[in-house]
Amino acid sequence: MRFGQRCTAGLTTLLLPLAALMGLASPAQAATSATATYAKTQDWGTGFEGKWTVTNTGTTSISSWTVEWDFPSGTSVTSAWDADVTSSGAHWTARNKSWNGTLAPGAAVSFGFNGAGSGSPANCKLNGGSCDGGSVPGDNAPSTPGTPTASGITDTSAKLSWGAATDDKGIKNYDVLRGGTKVATVTATTYTDTGLTAGTDYSYTVQARDTADQTGPVSGAVAVRTTGGTTTPPTGNKVKLGYFTEWGVYGRNYHVKNLVTSGSASKITHINYAFGNVKDGKCVVDDTYAAYDKAYTADQSVSGVADTWDQPLRGNFNQLRQLKAKYPNIKVLYSFGGWTYSGGFAQAAANPAAFAASCKAVVEDPRWADVFDGIDIDWEYPNACGLTCDTSGAASFKNLLSGLRSAFGANYLVTAAITADGSSGGKIDAADYGGASAYADWYNVMTYDYFGAFDADGPTAPHSPLTSYAGIPAAGFNSADAIAKLRAKGVPAAKLLLGIGFYGRGWTGVTQAAPGGTATGAAPGTYEAGIEDYKILKTSCPATGTIAGTAYAYCGNNWWSYDTPATIAGKMTWAKNQALGGAFFWEFSGDTSNGELVNAISGGLA
């Protein structure tokens, strides 16, 4: 588990109305009413974690909320999330964020904070009224300002202008956001941002504040590129796509900024952000902390600007937003499923329209709608077995993609990672990949993991063979056969991307260097037995031979197979000769710090 300001796993929350604790008056009867309840979710003696929950108990919507309370001397809020919290002496005020102020009848929203001391709140007020269900005085949040326009762009500055917002109590000022981070607060509807870097891409939005200091929705974004400098996008028209893993920010310590420092960002065209989960037939964000709450310091962030506690968006999503501002050619897709989370697709396939609507709500969430350019589905596997077995039928995959295309429309990318089992009667034959391709921009064909230490005694074989070879353990388990089968089923070559693994698979207890040897189990790996990153293997067990267009290595009694820059170059030549749409890889953190495998893909597809 992770530790930090929001580490509350395994704790029991006792949620009691604050009114009951403090003897507040009985609730007044009103069409619009609400409660504010408080819970101490964690206590470590010198401090604690608290949570407020605002619930609309009335019959009409609430457009904004403000919770006020008093703390005794020695108790204070040290940090907060999902609300803007300020204080005046012992009096504390929490106001909704731009994205969580509206509450439909029966809806609820929570925000939390870390506190110092040991006191409890008193004198609670909700929008100036009672916290125990009384009527809620109205004060609407500001409207959305106009999308900024840019003028007077130089090497180091840009002038922004936008249409005014409106508010029932009056507009106080505007926050100017660069890459999702507030850089200025102004009273006018213009602002000139200075100190920028030449030849760099930025993204600007604005949001209004009213006289009660409530913030309204964030405006549309305007992209600005300063003059001068050089940031050259990749050449050619082939897709060069890499997976960025949500969990990589933990043990692997791999962040979006590593795409910049490695040079990889200038050589790719697309990123798949992996993975969103599929629960109860719906798309959901998996790790919300990594996705949109983790704070980055200035030296860790793509923009070089530190996250603040009250900015609308943090985490990987905000870093991807900053990356897109710097490299506007990059498109980002939100990938759902994967090996672990594919079990939810069967329920999703039973109602494709509802599933697609849930995915659209996640991908186009107002907090990060500008980050994503499409959706990727990684269902392992339709009408076949992966971690779990699916029996939804051969048409389920086609129906799912059709629903996604209908929901997202022609302007969004809709893609899928699919099996590369080219065997007769195998996984490609289990679903209608040909018919489904009409609704997809492309397929990421997972032409890796064919062989590995999941067969503990071998025989040793390359996990990503480009072609068949004499002695291959299973017919059809190679890239060429998989691509040929998909094309025979009607999938256009231009909609097929060749898959590259940035890792190796290996056995131990092996006594021969050539493929086909016996083994006693999986070779040791940093994160998982039988698997190791290329960046480690290139020096710990250098390649000793090649077979079927990929490399293998024999060192001690360990046998590994993996792709190198040289074998990737050969695979890219093959992909171009097959008129494929490009290539993709799993995943960025397996590469070297200078991105030599990404460079091999980019150069090979140029």
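**Stop 1: helix H8**

Select residues 396–408 to bring up helix H8, which has 13 residues. Keep in mind as you go that this is a predicted model. From its first C-alpha to its last, H8 reaches 18 Å, close to the 18 Å expected at 1.5 Å a residue.

Which residues of H8 are buried? Colour Ser-396, Phe-397, Leu-400, Leu-401, Gly-403, Leu-404, Arg-405 and Phe-408 to see them. Now show what these buried residues pack against: the helices are H6 (345–350), H7 (352–363) and H10 (433–436), and the strands are E22 (374–378), E23 (413–418) and E24 (442–445). Before you leave, click on Gly-409, which follows H8 and has a positive phi, near 80°.

**Stop 2: Leu-404 and the nonpolar core**

Stay with H8 and pick Leu-404, one of its buried residues. What does Leu-404 touch, if you skip residues up to four places away in sequence? Its contacts are Phe-355, Ala-356, Cys-359, Ile-375, Ile-377, Gly-409 and Val-414.

Next, select Ile-271, Phe-355, Phe-397, Leu-404 and Tyr-443 together. Of the 101 residues in the largest nonpolar core, these five touch the most other members. Apart from that core lies another, of 24 residues; to find it, select some of its members, including Val-54, Val-77, Trp-92 and Val-109.

**Stop 3: strand E18**

Move on to residues 239–245, which make up strand E18. Is E18 mostly covered or mostly open? Mostly covered: seven of its seven residues are buried.

Turn on the side chains here. In a regular strand the side chains alternate between the two faces of the sheet. In E18, Val-239, Leu-241, Tyr-243 and Thr-245 point one way, while Lys-240, Gly-242 and Phe-244 point the other way.

Now add the neighbours of E18:

- Strand E32 (residues 582–586) runs parallel to E18 and is joined to it by four bridges. Look for Gly-242, which stands opposite Phe-585 in E32.
- Strand E19 (residues 270–279) also runs parallel to E18, with five bridges joining the two. Here Tyr-243 stands opposite Asn-272 in E19.

**Stop 4: an open sheet of three strands**

Your next target is an open sheet whose three strands come in the order E11-E12-E15, with antiparallel pairing. Its edge strands are E11 (149–151) and E15, each of which pairs on one side only. Rotate the view to look at the twist: neighbouring strands of this sheet are turned by 25° against each other on average, direction ignored.

Zoom in on E11 and strand E12 (residues 158–161), where three bridges join the antiparallel pair. Which residue is the bridge partner of Ala-150 in E12? The partner is Leu-160.

Leu-160 also leads to the next residue to click, Thr-189, which touches Leu-160, Ser-161, Trp-162, Ala-164 and Tyr-174, again leaving out residues up to four places away in sequence. Thr-189 is found in the loop between strand E14 (181–186) and strand E15 (190–193). Its relative accessibility is 27%, so Thr-189 counts as partly exposed. To try out a distance tool, pick Thr-189 and Thr-144: they are 45 residues apart along the chain, and their C-alpha atoms are separated by 13 Å.

**Stop 5: salt bridges**

Side chains of opposite charge can pair when their charged atoms come close. A search of the whole structure finds 18 salt bridges, and three are worth a visit.

Begin with Asp-365 and Arg-367, whose closest N and O atoms are 3.0 Å apart. Are these two residues buried or exposed? Both are buried.

Then select Lys-489 and Asp-429, whose side chains meet in a salt bridge (3.0 Å, N to O). This pair links distant parts of the chain, 60 residues apart: Lys-489 is in the loop between helix H11 (479–488) and strand E25 (496–501), and Asp-429 is in helix H9 (residues 427–430). Lys-489 is partly exposed, at 34% relative accessibility, and Asp-429 is partly exposed too, at 32%.

Finish with Asp-533 and Lys-535, a salt bridge with its closest N and O atoms 3.8 Å apart. Asp-533 is buried, with a relative accessible area of 5%, whereas Lys-535 is partly exposed, at 30%. Add Arg-252 and Glu-587 to your selection: salt bridges that share partners join these two with Asp-533 and Lys-535 into one network.

Terms used. Residues are numbered from 1 along each chain as its sequence is written. This is a predicted model: local features need pLDDT of at least 70, side-chain atom pairs count only at pLDDT 80 or more; totals for chains, interfaces and linings use all residues. Side-chain values use heavy atoms; hydrogens and water are left out. The expected span of a helix is 1.5 Å times one less than its number of residues. Buried means under 20% relative accessible area, exposed over 50%, partly exposed in between (1.4 Å probe, protein chains only). Contact means heavy atoms within 4.5 Å. Two strands pair if DSSP finds at least two bridges between them. A nonpolar core is a set of buried Ala, Val, Leu, Ile, Met, Phe, Trp, Tyr and Cys residues joined through side-chain atoms within 4.5 Å. Axes are lines fitted to C-alpha atoms, for helices over the stretch in contact, and angles run from 0 to 180 degrees between N-to-C directions. A salt bridge is a side-chain nitrogen of Lys or Arg within 4 Å of a carboxyl oxygen of Asp or Glu.
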